[in-house]
Amino acid sequence: MFNFLKYFCINILLIVCVCAYDILLQSDSVAVSNGLNDGYKNINNIDFDDENYGLYHTSKHVFYWLYTRDNTDGQLLNRSEPHLIESTSFNASNPIKVIVHGWLGTTQEKEGLCMYNVNSYFKVGEYNVICVDWKQYSTDLSYSVARARAKHIAHDIAKILTRITYNMTKGVETLHLIGHSMGAHIVGFVGKELTDKIPRITGLDPAKPQYEKKGPADRLYITDAHFVDVMHTNSAKNGFTKSIGHIDFFPNGGKRQPDCGFSDRTTGSCSHVKSYHYYAHSIWAKEDYVALKCSSWDDYKAHKCDNANSTFMGEHVDIEQTEDFYLEACVDD
């Protein structure tokens, strides 16, 4: 009787495991991992460029929200329209800002990347702010799988921007792509697709895990736009350490940010999101972020760079400036 029960339980367990695996293969939902480096060991065997692979039809799971002064609640762009903007308040005479969140991000958070920057932009002027919402992947995939999808998401963004700008002929001169964490690499991939057509890309604490040891083709790089500016706020944990733009900013040294609490040393999450808080603040208060060109944080603190070139960190950076800049950042939105 005991042996019968034992084998019965084993068989039931095997059936459950097989069914669960089958459901995983057929579902568009993959469990979120517990850590940034968790994921599937066989992820490189998946062909993410195969448009016929039903699980990975990116266009069905990436959405574009347009915010303007006339509609600050946001309008979902309609893919069925030739240029997606015919029925919206999009104004071709206004600058275009495209904002891309990172892993576990979303466009709808009141205290998230999109809304912080939308609110700041409309404090100072008229803009077309487009927030790319890939939360169906970013919140429903392990980090490794989301990373593998990044280029596919970028491909979709490139196609959408081509349609919005009438095949890159209208409004392109004002196009500015802004990405946080993994989103920073995604906008870099967009720049690679639209070669030599993107005026500016801003990377806000570009994600470090599974990217920092990659070559230029597989991460944000200086050639992805005419001008690439990068902000480093959590190189101690989640963010890129090395300089990868025309100009790189290291507020408070770039490793960790003040007022983040003890848990930040373990997770780095507070310092990581500080980058888009700083950026949102820079849009309407540029004087708070005057940075000096310097070779290191130690030299900056030792006042060895007091007479060096300066520029504003964030929205109002001087695009003629290059290399590394340091500053003390004490305020944010």
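## Briefing: sheet and helix packing

In helix 2, the buried residues are L113, C114, M115, Y116, N117, V118, S120, Y121 and F122. The model is predicted. Its strands include an open sheet of eleven with mixed pairing, and the points below cover that sheet, the helices lying on it and one helix pair.

**Helix 2**
- Helix 2 spans residues 113–124, twelve residues in length.
- With nine of its twelve residues buried, helix 2 is mostly covered.
- From its first C-alpha to its last, helix 2 reaches 18 Å, close to the 16 Å expected at 1.5 Å a residue.

**Sheet layout**
- The strand order in the open sheet is 2-1-4-3-5-6-7-8-11-9-10.
- Strand 2 (71–76) and strand 10 (310–312) are the edge strands, each pairing on one side only.
- On average, neighbouring strands of this sheet are turned by 25° against each other, direction ignored.

**Strands 1 and 4**
- Strand 1 (residues 63–68) and strand 4 (residues 128–133) run antiparallel and are joined by five bridges.
- Within this pairing, Y67 stands opposite V129 of strand 4.

**Strand 11 and its partners**
- Strand 11 covers residues 323–327; four of its five residues are buried, so the strand is largely enclosed by the rest of the structure.
- With strand 8, strand 11 pairs in the parallel sense over five bridges.
- I247 is placed opposite E323 of strand 11.
- With strand 9 (residues 290–293), strand 11 runs antiparallel, and two bridges join them.
- K293 has F325 in strand 11 as its bridge partner.

**Helices on the sheet**
- Helix 5 (residues 182–193) lies across strand 3 (96–100), strand 5 (176–180) and strand 6 (200–204).
- The direction of helix 5 is at about 145° to strand 5.
- Helix 7 (residues 269–284) also packs on the sheet, where it touches strand 5, strand 6, strand 7 (227–231) and strand 8 (247–251).
- Helix 7 makes about 150° with the direction of strand 5.

**Helix 4 against helix 5**
- Helix 4 (residues 143–164) packs with helix 5 at an angle of about 45°, and the two axes are 8 Å apart.
- At that angle helix 4 is oblique to helix 5.
- The crossing of helix 4 past helix 5 is right-handed.
- On the helix 4 side, the contact is made by Y143, A146, R147, A150, K151, I153, A154, H155, I157, A158 and L161.
- On the helix 5 side, the contact is made by M182, I186, F189, V190 and E193.

Definitions and conventions. Residues are numbered from 1 along each chain as its sequence is written. This is a predicted model: local features need pLDDT of at least 70, side-chain atom pairs count only at pLDDT 80 or more; totals for chains, interfaces and linings use all residues. Side-chain values use heavy atoms; hydrogens and water are left out. Two strands pair if DSSP finds at least two bridges between them. Axes are lines fitted to C-alpha atoms, for helices over the stretch in contact, and angles run from 0 to 180 degrees between N-to-C directions. Contact means heavy atoms within 4.5 Å. Buried means under 20% relative accessible area, exposed over 50%, partly exposed in between (1.4 Å probe, protein chains only). The expected span of a helix is 1.5 Å times one less than its number of residues. Angles under 35 degrees count as roughly parallel, over 145 as roughly antiparallel, 65 to 115 as roughly perpendicular and the rest as oblique. A crossing is left-handed if the near helix is turned anticlockwise from the far one by less than a right angle, and right-handed if clockwise.
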